[in-house]
Amino acid sequence: MASWEEQLRDELAGHGLTVASVPGKGRSLIATRSFFPGEVVISQEPYASTANKISVCSNCDHCFATRNLRKCSVCRVAWYCGGACQKEEWKLHQLECRAIAALTEDRKKMLTPTIRLMVRLVLRRKLQNDKAIPSSGTDNYNLVDALESHIYEVDKNQLVLYAQMANLVQLILPSIELDLMEITHTFSKFACNAHTICDPELRPLGTGLYPVLSIINHSCVPNAVLIFEGRTAYVRALQPISKKEEVSISYIETAATTMKRQDDLKHYYFTCTCPRCVKDSEEDALLEGYRCKDQKCDGFLLPNSENKAYTCQKCSTSRDGEELQNMATDVLLLSDKASSFVSSGNNSEAGSMYKTIEELQWKLYHPLSTTLLHTRETLLKIYMELQEWQTALMYCRLTVPIYERVYPPFHPMIGLQFYACGKLEWLLEYTEDALKSLTRAADILQITHGTKSDFMKELLGKLEEVRAEVSFRLSAGDEQQTG
């Protein structure tokens with residue numbers, strides 16, 4: 001009988017992939033054939049998954065749908081959108097349900113999503129060992145066992161917490177003999193290998209462990225993207241991937257400076273050496289830097305000695321360092337106040353204050369600054385909630401050029417922002433603008449999301465509707481001219 005490594009190799013070979021060791025990176029996923037943009041490189045169901053919220057109506061435990069949910073009447077933790085999903089989950093949930101139902105109310109409150117993910121992983125392993133459910137080369141516990149835990153690099157306090165969590169898993173599953181050290185190691189594996197399951201608009205829904213996808217390494221300039229349909233993970237090529245080329249995705253938000261990206265990657269226990277991370281700091285100066293005092297100049301400022309003054313790298317105009325620091329402090333104080341208005345649900349006051357902040361930031365930061373971008377994203381969200389569509393569209397349009405500068409051409413965030421613009425333009429009857437925005441959205445999102453999901457069918461349907469409206473208006477205009 002073939003070993004699990006041989007089974008994995010054979011199944012990956014059928015997808016045009018192989019696992020190889022790359023110096024400085026360890027295990028890596030390598031293409032053994034070429035892939036074109038938008039092609040699915042690999043897809044996988046999670047070995048174990050859970051929604052972000054427990055005992056709250058959030059997502060179906062099987063397909064992660066958000067509608068028509070009904071709670072399991074016994075454990076009152078699991079949710080399903082219908083009988084089909086409940087049936088698919090039944091062998092696993094039957095064991096989970098019995099264990100959770102036996103808990104006291106106090107212990108049920110200790111059932112966090114991470115604890116539940118571990119419980120479901122242990123139970124799935126048991127079902128596969130008992131041959132109650134099938135396993136395969138890309139779906140077996142050996143793949144989880146082979147994941148790197150970085151346990152010897154974990155902070156001592158975190159280790160104590162993992163050990164306490166392992167003991168809680170044993171209390172939930174008293175009938176299963178567990179190796180508590182192994183469970184502790186697996187919690188550490190979750191921290192650097194689990195994936196956040198998101199909806200098509202990249203909003204987090206839950207967490208899943210996809211051990212084959214965990215082989216794929218990170219790059220800040222990836223050649224592939226990870227998108228979910230329900231809880232099924234799809235890795236699609238963002239650009240042509242050549243034979244013998246490594247497949248890479250991004251683990252983090254890449255619209256950030258090198259320092260911020262490296263900091264966000266710390267809990268994965270490696271230092272990124274992608275082309276973006278090793279090149280000069282001009283991009284960082286744009287993303288976080290101050291703008292030139294001359295509003296007509298698009299240069300950014302570089303600090304002189306001890307940050308007492310800053311000089312534009314383009315026109316050499318100087319700005320006083322103390323003045324810049326005072327402006328930055330004012331912005332920070334206003335941001336704290338504005339944030340408290342958002343937290344209390346006072347969107348009207350929050351909108352007014354964030355507008356003031358944006359005006360100050362416009363005078364202070366470079367137009368491509370991520371600080372300015374995040375303020376405009378907040379304003380877009382606020383005015384969408386206030387249903388002030390014209391103002392929302394203005395901020396949506398202002399974010400697009402920055403998205404196009406900070407993300408690669410076929411990044412889902414650019415596509416989603418064009419989609420948001422297009423929907424607002426269509427609502428406000430800017431029909432020709434809507435056609436342009438929705439066309440750009442479709443061009444990008446067909447690469448990242450494919451064409452078969454309900455989300456994409458809705459987008460492509462809306463695009464056809466707008467295209468028909470524009471065509472009708474043009475033909476009506478031609479008839480009036482000829483008449």
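The lining of the second largest pocket leans on nonpolar side chains: by class there are 15 nonpolar, three polar and six charged residues. Keep in mind that this is a predicted model. The pocket has a volume of about 910 Å³. Of its 24 lining residues, Glu201, Arg203, Leu380, Lys381 and Gln417 are the closest to its centre. Three helices give two or more residues each to that lining, namely H13 (370–385), H14 (389–406) and H15 (412–427). H15 gives the most, with nine residues. At the level of domains, at least three lining residues come from each of domain 1 (290–378) and domain 2 (407–482).

Now for the enclosed space. The structure holds one cavity of 30 Å³ or more, and the volume of the largest cavity is about 30 Å³. Around the largest cavity sit Ala51, Lys53, Ser58, Asn59, Asp61, Val77, Trp79 and Arg116.

Here are the two linings by class:

| Site | Nonpolar | Polar | Charged |
|---|---|---|---|
| Second largest pocket | 15 residues | three residues | six residues |
| Largest cavity | three residues | two residues | three residues |

Then there's a sheet to look at. Three strands make an open sheet in the order E3-E11-E10, with antiparallel pairing. Strands E3 (40–44) and E10 (224–229) are at the edges and have a single partner strand each, so one side of each lacks a neighbour in the sheet. From one strand to the next, the twist averages 20°. E10 and E11 (residues 232–237) run antiparallel and are joined by six bridges. If you want to find one of these pairings in the model, look at Phe228, whose bridge partner in E11 is Ala233.

How values were computed: Residues are numbered from 1 along each chain as its sequence is written. This is a predicted model: local features need pLDDT of at least 70, side-chain atom pairs count only at pLDDT 80 or more; totals for chains, interfaces and linings use all residues. Side-chain values use heavy atoms; hydrogens and water are left out. On a 1 Å grid over the protein atoms alone, a cavity is a set of points where a 1.4 Å probe fits but cannot get out, and a pocket is an open set with protein on both sides within 12 Å along at least five of seven lines; lining residues have an atom within 4 Å of a point. Grid points are joined across faces, edges and corners, and a volume is the space filled by probe spheres set on the points. Ala, Val, Leu, Ile, Met, Phe, Trp, Tyr, Cys and Pro count as nonpolar, Asp, Glu, Lys and Arg as charged, and the others, Gly among them, as polar. Two strands pair if DSSP finds at least two bridges between them. Helices (H or I, at least four residues) and strands (E, at least two) are DSSP runs, numbered from the N terminus. Axes are lines fitted to C-alpha atoms, for helices over the stretch in contact, and angles run from 0 to 180 degrees between N-to-C directions. Domain bounds come from an automatic or database domain assignment.
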